[in-house]
Every structure is written in C-alpha cells, then in structure tokens.
Amino acid sequence: MQTFSYHTHTNNFGIYDGHNSPDEMMDKAESIGFTELGISNHLICKPGSYCWSSQNFDDFAKAETVYLKTADKIREAAARHKIKVYVGFEVDYYKSADWRRDFEKLKNRLNVDYLIGSTHNLMNHDASWVQNIYHMKWSNIQVDDETLKDGIKNYWLNVIESIKSGYFDFIAHLDVIKIFGLGLEPEWDEYKWMVIEALDKTKHPFELNTSGWTKAGEQHPHTWMLKELAKRDVPIVINDDAHSVDLLGRYFAEAENLLTELNYTNRWKLQK
Ligand SMILES: [Zn+2]
Ligand SMILES: [Zn+2]
C-alpha cells in the first residue's frame, strides 16, 4: 500500500480551501502510518481572475509573497514532525506566452520540492474567457451550449499543454470536469486519447486521484484511460487530494486493488 500522498491542501492564511493546518495534516498523516506527506496548496494566478479563496491575485508579483510565506509555514511545521514533508503547489496552468513568462519567474523564486499541473477551468482558445467549474456549478452560472462545448474542448487542450510544458512533476485529476457531468459524451474520447498520447510520448507522471470516488463515483481518470496508460507504462502516483485530515488516504485500498487488477506496475514517487 502506498503510504504517502503528494496532493493535499491546508488552510494557511485563510486563503486556501483546506480545512486544517499543516501541523494537523502532519499529525494525522503520522497517525495513519504515512511515511511522507506532500502539501500542495493552490497556486492560481490569472490576470483579473480569482485566486483561492478569499483573496484575489491579479498578478504573480502580488501573489509571490503569500506563496513564499505558505512554503515557510509548512516547513516550520515540518520541523516539528518526524514525517518526511515535501512542499509543493497545485498550479493552474495556462498556455499563453504571458502566463508562462510570469510563471517561470515565480517558479524560480518559489524553490519548492515539486509542482502539480492542474486545470480546473473551462476556457476559450486564448483564455480571455475562463470559467472555474466549481464556481460555475455552485453559483449556477449559465453558459450557452456553444460556449460550453468550446470550454470543454479547451479544457482538454489545456491539460495536454500542461503535460507538454515540462513544468510539472505530475499532472492532477485528468478528467476532473466529470464531477459536474462535463466531458462525458463519446465525442470527447478523441481528446482523452490525445491526453493519453501526450503522457505516453513524454512518459509524464500523472495521478490516480481518489477524490473522484467521493465526487464522481469513480477515480480520476476513467478506468479505461488507466488501462491504456498502464499498457504504455506511464508512471502513476495515487493521491487523495485531501482538503481535511479525515480525507488523508481515502480509498487508497481501492486504488491499490484497481492498479493490481490493471497490472499497473510503474509507480512514481518523489526522489529527493
Ligand atoms: Zn485540483
Ligand atoms: Zn487539489
């Protein structure tokens, strides 16, 4: 059984969507026999956009102080614990040249152990329109059919670009939009195949995210995608995406069973 999770969230400074402090997460991880814990709060920066959760970062420079402080707080807590702790961020990727230029600068300054590449948004081709899927559902924001389809298409293309970017240690929840029933029609299979091909080509690590069992009735990504990725020997890591102490290690036994069934042997972990 895998005894670590690299995708977890805390509540530092009240701006993140985790429910517990780094100390609480580390205490709990130790108590359930985890040998390592990666804390990966959201790094969401997009000009004019919303940054998790009560503070807006409309540019990277303003956000930088908070991210640096976040990493320091986690390291301080880690010094009080025995468990091996890694500090990372779950980054919302954007493919625009402007975003990448700013992100590269920030990335150099952050000096963290790892970065997760994520897409939580529907968007148009140049990301001048971006719609966070959670806000869309929770605030019941209406999007017309054409915009929705284009948004889903660009969701998949963004996932693919995040794989190709080379910025990330692994890619999160490939099909996270399915928690709101998005991207499930057969017409999207061709994009899911493109995701598989991009991962295969670079042998890029990705996660089996067990939060899908709570939110969508199955893990992320779909079992058929896992089967194809297993055949291609793409490295995989199990993560719980825990936003609170009680979610650490959720469905890990089920995930292990599934990977055994699929004969998925190429397991990834941080080497530091
Ligand atoms: Zn996420
Ligand atoms: Zn997450």
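Q: What makes E90, H120 and H173 the protein donors of the zinc ion (ligand 1)?
A: Happy to show you: donors are N, O and S atoms within 2.8 Å of the metal (3.2 Å for Na, K and Ca), and as water is not among the atoms, sites may look incomplete. E90 (OE), H120 (NE2) and H173 (NE2) lie 2.1 to 2.2 Å from the zinc ion (ligand 1), so they count as donors. This is a predicted model, in which local features need pLDDT of at least 70, side-chain atom pairs count only at pLDDT 80 or more, and totals for chains, interfaces and linings use all residues. Side-chain values use heavy atoms, without hydrogens and water, residues are numbered from 1 along each chain as its sequence is written, and chains are lettered from A and ligands numbered from 1 in the order in which they are written.

Q: Why is E90 called buried?
A: Buried means under 20% relative accessible area (exposed is over 50%, partly exposed in between; 1.4 Å probe, protein chains only). E90 has 1%, so the word fits. H173, with 2%, is therefore buried as well.

Q: What makes the arrangement around the zinc ion (ligand 2) irregular?
A: Its protein donors are H7 (NE2), H9 (NE2), E90 (OE) and D241 (OD). Four donors are tetrahedral if all angles lie between 85 and 135 degrees; four are square planar and six octahedral if opposite donors are over 155 degrees apart and all others between 65 and 115; anything else is irregular. Here the angles run from 79 to 163°, which makes the arrangement irregular.

Q: Which residue bridges the two zinc ions, ligand 1 and ligand 2?
A: That is E90, and the ions lie 3.3 Å apart.
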